[in-house]
Amino acid sequence: MEPATEAPIVRVAVPVPLHGAFDYRMPPGTDTPAPGARVLVPFGRRRLVAIVIETDVASDLPAERLRPFVRALDAAPVFDADLLALLRWAARYYHHPLGEVLATALPVALRRAGTASAANRHRGWQAVAVERDVATELARAPRQRELLDRIRANPNPTAHASLLAWLASAAGPLKALAGRGLIEAVTLPGGLERGSPTAAPALTDGQSSVVEALRAGGTGFAPALVEGVTGSGKTEVYFRRIAAALEAGRQVLFLAPEIGLTPQLIERVRARFDAAFGVLHSQRSDGERADVWRAAGAGDADIVIGTRSAVFTPMPRLGLIVVDEEHDGSYKQQDGFRYHARDVALKRAQLADVPVLLGSATPALETLHNARQRRFAHLQLPQRATGAAMPPIRVIDVRSRPLDGGLSEPLIARIEPHLAAGNQVMIFINRRGYAPAQCCHDCGWIAPCARCDAPLTLHGGGRRLQCHHCGALEPAPNVCPACGGGQLIALGAGTERVTGTLRSRFPDVAIARFDRDSMARRGRLEDQLADAARGDTQLLVGTQMLAKGHDFARLTCVGVLDVDGGLFSADFRAAEHMAQLVTQVAGRAGRAAHPGEVWLQTRHPEHPLLERLLTRGYAGFAEAALAERREAGLPPFGHLALLRAEATDADAPTAFLAAAAATIRTTAELACWGPVPAPMARRAGRHRAHLMLHAERRGALHPALDHWQEALPQLPEARRVRWSIDVDPQDLL
């Protein structure tokens, strides 16, 4: 009798917070899964979906100690070799366990065993030709008429999800239209829609120069920064490069920072390209995202539009990556696997040898530095495509001035003529709620959060208190808990209070508030943006979700209520973010035929960085800020990694970080700063501390992080804390 042969061994990455991979035996009679395929494995008492990273390996453990995996889940890999290489690079660069990195890259539905969507079909709608007076029939059903016009405008079926994204309340009108026999349901394989081609608009001279420079860069890896003022036509530049990639039979990945920007982008893609496109963001269902992801991996999607995590979409014919608003902080994942989608996109383009476009009116200082060092091509669009002038930005010194709900009288006086002319006004304040704090006028008590080192924010017109960090909620007191006094006042203003003040000042004007609270319901943001785009809403009050990407033809006045926070923050990036927000918000005004103006309320009009921004624009600000960064050795002239620790025990984080610091040998090129309490030392009942590594070269930083990756789990103090490594941190708070 022949001796039994040993079962082959596969090495897999399991979605657990442990570095390294795990070996499993092949079950009898099972074909060997390819690297990048999913398998179901026993792990402790659980069964987890893991990714095969090697096959036919020689394990360090004897075969009898290895468990067999349960079963293979895929006939073909979900990650091809190129994408698997990118993810392994990301795990190394960000020093995060490979299993969790791979799980993050998968759509949620594919992190579970089984198929994500058995039918792999989605509902769409197309118009039905009828011989009757539809206009009269729908005269009293404006939503049905709008939806029918939208569906008729596209010769191809329109996805149900896209119509809901455009109009949250579309389900009822669509059902009514189908009942009238005016539209019919169809299925969309893979959740993909198809656009219809239209003629491209004529390019301005500036756009032509940029497009020609990009074309001359070829089809290989060529990172390019397209820096253009708001309204300069950067999207049309992207579209010309997309058209060239599609003509060559290649796929395009288009990243946008936020969900709010994707509906208008989808409409422009649908109206421009005869191409199959899919959308990936968190407001699509798990099944929808998994189907689009698979369709892209099969090569069926020509264009994928998505937010941060879409950077990991499999695309075997990838020919171009576009990262719009590349400076935006939303591209950085702030928990778990802390990757930066812009930087991952650059690495992906390099590995795939394809061009990557980074677009912004206010590029990140790191991106500007790379352009100045000629690592990126730097292409500029200094004028608006319409020929409209950029609005002047002026300051209102609010020192010693009374404020009504955060608004000064000079600002209200500037708002009035714009509204009287039928134009739109935007008020930007990056604080949601009614007021940032509630205070006792008698003793100075400020309502605190019991679990965070932060005051509670007033909401609901001052009726309830809420923590914006841990979510704690409680009714606002009628008397001061400290002294019993009855003079409780609201300190400062948030979007709720500003909106209330404007309603009392302009009772006949339609007002919309844009913040996380008012836009929580699915589709609400898209509805309000559509109303604003039509001009139905004259006054817009909001946070940074209004700051970028939106085009309102009649918006002629912008007021920014508080720019001072960014000038005096503990975070060295705060001034950069302030300048970007102010420039982006200002760029919403005067984009069409009507000239615009921008007013900033400040108590520090003489601040040098603010003065530089106002007198020399974002380019002048960036020059001064980069000079400061160079003197301090901060990014992009130095490289950082932040070790965070937190625990319910107040002393445990500092003890762990001190032990971690003791394992690092500092040199002339590598410094260890801390440990220190985090700027918010207690959040959600957990005490927090930071330790920073600073290196002049990345080559000095990453060996130290490699050492930490091995050493930190072995420290006795590590058992008492939760800790994480954040490479290239964007938020130090």
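These legends describe close-up views of a predicted model of one protein.

**Figure 1. The whole protein, with its dimensions and make-up.** The protein contains 19 helices and 33 strands. Along the principal axes, its C-alpha atoms fill a box of roughly 95 × 75 × 55 Å. A compact globule of 733 residues would have a radius of gyration near 27 Å, and the 28 Å of the protein agrees with this. Of the 733 residues, 54% count as buried. If one takes the contacts between residues at least 6 apart in sequence, 76% of them join residues at least 24 apart. The protein exposes about 31,300 Å², and carbon and sulfur atoms supply 50% of that area. There are 85 positive and 77 negative side chains, and the centres of these two sets lie 2 Å apart.

**Figure 2. The nonpolar cores.** The largest nonpolar core has 120 residues. Within this core, F79, L102, F312, F514, L643, F656 and W708 touch the most other members. Helix α17, which covers residues 608-632, gives the most to this core, with 9 residues. Apart from it lies another core, of 26 residues, and F254, L265, F273 and V322 are among them.

**Figure 3. The surroundings of F514.** F514 is one of the residues that touch the most other members of the largest nonpolar core. Which residues does F514 touch, not counting those up to four places away in sequence? They are M519, L525, Q528, L529, L540, V541, G542, T543, M545 and L546.

**Figure 4. Helix α2 and what covers it.** Helix α2 runs over residues 98-105 and is mostly covered, with 6 of its 8 residues buried. The buried residues are L98, G99, V101, L102, A103 and A105. L102 also appears among the residues that touch the most other members of the largest nonpolar core. What covers the buried residues of α2? The cover includes two strands, β1 (9-13) and β4 (46-55), and two helices, α1 (81-93) and α10 (286-297).

**Figure 5. R384, an arginine in a loop.** R384 lies in the loop between β16 (377-381) and β17 (393-397). Is R384 buried or exposed? Its relative accessibility is 5%, so R384 counts as buried, since the cut-off for buried is under 20%. Leaving aside neighbours within four places in sequence, R384 is in contact with V229, T230, G231 and S232, with A389, M390 and P391, and with G587, A589, G590 and R591. F43 is 341 residues away from R384 along the chain, and the C-alpha atoms of the two are separated by 57 Å.

**Figure 6. R270, an arginine in a helix.** R270 is found in helix α9, which spans residues 262-270. With a relative accessible area of 7%, R270 is buried. Not counting residues up to four places away in sequence, R270 touches N154, T158, S162, E193, G195, S196 and F277.

**Figure 7. Two cis peptide bonds.** The peptide bond from P635 to P636 is cis, with omega near 10°. P636 lies in the loop between α17 and β30 (639-647). Another cis peptide bond joins G674 and P675, and its omega is about 10°. Where is P675 placed? P675 is in strand β31, which covers residues 670-683.

**Figure 8. Two residues with positive phi.** D56 is not a glycine, although it has a positive phi of about 50°. D56 lies in the loop between β4 and β5 (71-72). Its relative accessibility is 57%, so D56 counts as exposed. A684 is not a glycine either, and its phi is positive at about 50°. A684 lies in the loop between β31 and β32 (686-695). With a relative accessible area of 26%, A684 is partly exposed.

**Figure 9. Q487 and its contacts.** Q487 is found in the loop between β24 (473-475) and β25 (488-491). At 44% relative accessibility, Q487 counts as partly exposed. Which residues does Q487 touch, not counting those up to four places away in sequence? Q487 touches C439, C440, H441 and D442. C440 lies 47 residues from Q487 along the chain, and the C-alpha atoms of Q487 and C440 are separated by 5.9 Å.

Methods. Residues are numbered from 1 along each chain as its sequence is written. This is a predicted model: local features need pLDDT of at least 70, side-chain atom pairs count only at pLDDT 80 or more; totals for chains, interfaces and linings use all residues. Side-chain values use heavy atoms; hydrogens and water are left out. Helices (H or I, at least four residues) and strands (E, at least two) are DSSP runs, numbered from the N terminus. The radius of gyration is taken over C-alpha atoms; the globule rule is 2.2 Å times the number of residues to the power 0.38. Buried means under 20% relative accessible area, exposed over 50%, partly exposed in between (1.4 Å probe, protein chains only). Contact means heavy atoms within 4.5 Å. Accessible areas come from the Shrake-Rupley method with a 1.4 Å probe; for residues, only the protein chains shown count as cover. Lys and Arg count as positive and Asp and Glu as negative; His and the chain ends are not counted. The place of a charge is taken as NZ of Lys, CZ of Arg, CG of Asp or CD of Glu. A nonpolar core is a set of buried Ala, Val, Leu, Ile, Met, Phe, Trp, Tyr and Cys residues joined through side-chain atoms within 4.5 Å.
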